[in-house]
Amino acid sequence: GMGQEIKFKPEGAYEVRLAGLSFIEMKERIARYMSERTSMLAGVSHDLRTPLTRMKLELSMMEPDETTQMLHQDINEMENMLTGYLDFARGAGKEKMEEIDLDLFLTSLVEKYKRVGFGVSLHIEQTAKVMARPHELMRAFSNLISNAQNYATKTNVSMGIRDDMIQVTVDDNGPGI
């Protein structure tokens, strides 16, 4: 029903009615599951705001320097993610598409990992701009780099253009899957 509530009353032969009732039960189970998952996501996202607020307050009382500035950026990023989760849970829809300088985006992301001691390098062959959802893109690349860091000692992120397509590679020296 593409999100629309459609009334359905099974009619016809016994087997058809039985299949129809099974379909209705399945639809209700899926709807219940989605509702529970959304409630849990909203609850967790909401609960995480309190410690983030405390961290932000502690940071505001510290002497400003490069480290505290980076921590502020990390906290703001976490708040944006939580807002995105809450918006999703409320059904507010997806993040808006934006034009992103992918080379600057990847440089910033790799710098965050270097800052905390991860062995990650970046090689950019060409600059490129893309239309994307920044927080979702950040989450995707962060997951790839974090997974590489969990199983390897060196990670290389590279970006280039091949056959009119942007190619971003996250390569590591881990054992593989």
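How many residues apart are Lys-114 and Glu-111 in helix α3? They sit 3 residues apart, about one turn of the helix. Keep that pair in mind, and remember as you look around that this is a predicted model.

Let's stay with Lys-114 and Glu-111 for a moment. Their side chains meet in a salt bridge, with 3.8 Å from N to O. Side chains of opposite charge can pair when their charged atoms come close. How covered up are these two? Lys-114 has a relative accessible area of 39%, which makes it partly exposed. Glu-111 comes out at 40%, so it counts as partly exposed too.

That bridge is part of a bigger set, since the structure holds 6 salt bridges. Another one involves Lys-112, which also lies in helix α3. Lys-112 forms a salt bridge with Glu-77, and the closest N and O atoms are 2.2 Å apart. This time the partner belongs to another helix: Lys-112 is in α3 while Glu-77 is in α2, so the pair ties together parts that are 35 residues apart in sequence. Are the two partners buried or exposed? Lys-112 has a relative accessibility of 16%, so it counts as buried, because the cut-off for that label is under 20%. Glu-77 is buried as well, with a relative accessible area of 16%. If you look around Lys-112 and skip residues up to four places away in sequence, you'll find that it touches Asp-74, Glu-77 and Met-138.

Helix α2, which covers residues 66-90, has a link to helix α1 as well. Here Lys-56 forms a salt bridge with Glu-79, with 3.0 Å between the closest N and O atoms. Lys-56 sits in α1 and Glu-79 in α2, 23 residues apart, and the pair links distant parts of the chain. The two ends are not equally covered: Lys-56 is partly exposed, with a relative accessible area of 31%, whereas Glu-79 counts as buried at 17%.

Right beside Lys-56 in the numbering is Met-55, which also lies in helix α1. At 41% relative accessibility, Met-55 counts as partly exposed. Try finding His-72 from there: the C-alpha atoms of Met-55 and His-72 are separated by 9.1 Å, and these residues are 17 apart along the chain.

Now for the rings. A search of the whole structure finds 3 aromatic pairs. One of them is Phe-8 with Phe-23, arranged edge-to-face, with 6.3 Å from centre to centre and 80° between the planes. Why does this pair tie together separate parts of the chain? Phe-8 lies in the segment before α1 (14-60) and Phe-23 lies in helix α1 itself, so the pair joins parts that are 15 residues apart in sequence. Both rings can be reached from outside to some degree: Phe-8 is partly exposed at 46%, and Phe-23 is partly exposed at 45%.

A second pair, Tyr-113 and Phe-118, is set up another way. These rings are stacked, with 5.3 Å from centre to centre and 25° between the planes. Tyr-113 counts as buried at 11% relative accessibility, while Phe-118 counts as partly exposed at 32%.

Go back to Phe-8 and Phe-23, because they turn up again in a nonpolar patch on the surface. Phe-8, Phe-23, Met-26, Ile-30, Tyr-33 and Met-34 form this patch, and together they have about 600 Å² of accessible area.

So much for the outside. What about the inside? The largest nonpolar core has 17 residues. Those with the most contacts inside this core are Leu-102, Phe-105, Leu-106, Leu-137 and Phe-141. Several elements contribute: α3 (102-115), β3 (129-132), α4 (134-151) and β4 (155-162) each supply at least two of the core residues. Which of them gives the most? That is α3, with 6 residues.

For a closer look, pick out Phe-141, one of the residues with the most contacts in the core. Leaving aside residues up to four places away in sequence, Phe-141 touches Leu-102, Phe-105, Leu-106, Leu-109 and Val-168. So where has helix α3 shown up along the way? It holds both Lys-114 and Glu-111, it also holds Lys-112, and it gives the most residues to the largest core.

Conventions. Residues numbered from 1 in each chain as written. Predicted model: local features only at pLDDT ≥ 70, side-chain atom pairs only at ≥ 80, totals over all residues. Heavy atoms only, no water. Phe/Tyr/Trp six-rings, centres within 6.5 Å; stacked < 30°, edge-to-face > 60°. Helix = DSSP H or I, 4+ residues; strand = E, 2+ residues; numbered from the N terminus. Buried < 20%, exposed > 50% of the residue type's maximum accessible area, 1.4 Å probe, protein only. Core = buried A, V, L, I, M, F, W, Y, C linked by side-chain atoms within 4.5 Å. Contact = heavy atoms within 4.5 Å. Salt bridge = Lys/Arg side-chain N within 4 Å of Asp/Glu carboxyl O. Patch = residues over 30% accessible without salt bridge, like charges linked within 9 Å, V, L, I, M, F, W, Y side chains within 5 Å. Areas by Shrake-Rupley, 256 points an atom, 1.4 Å probe, with all protein chains shown as cover.
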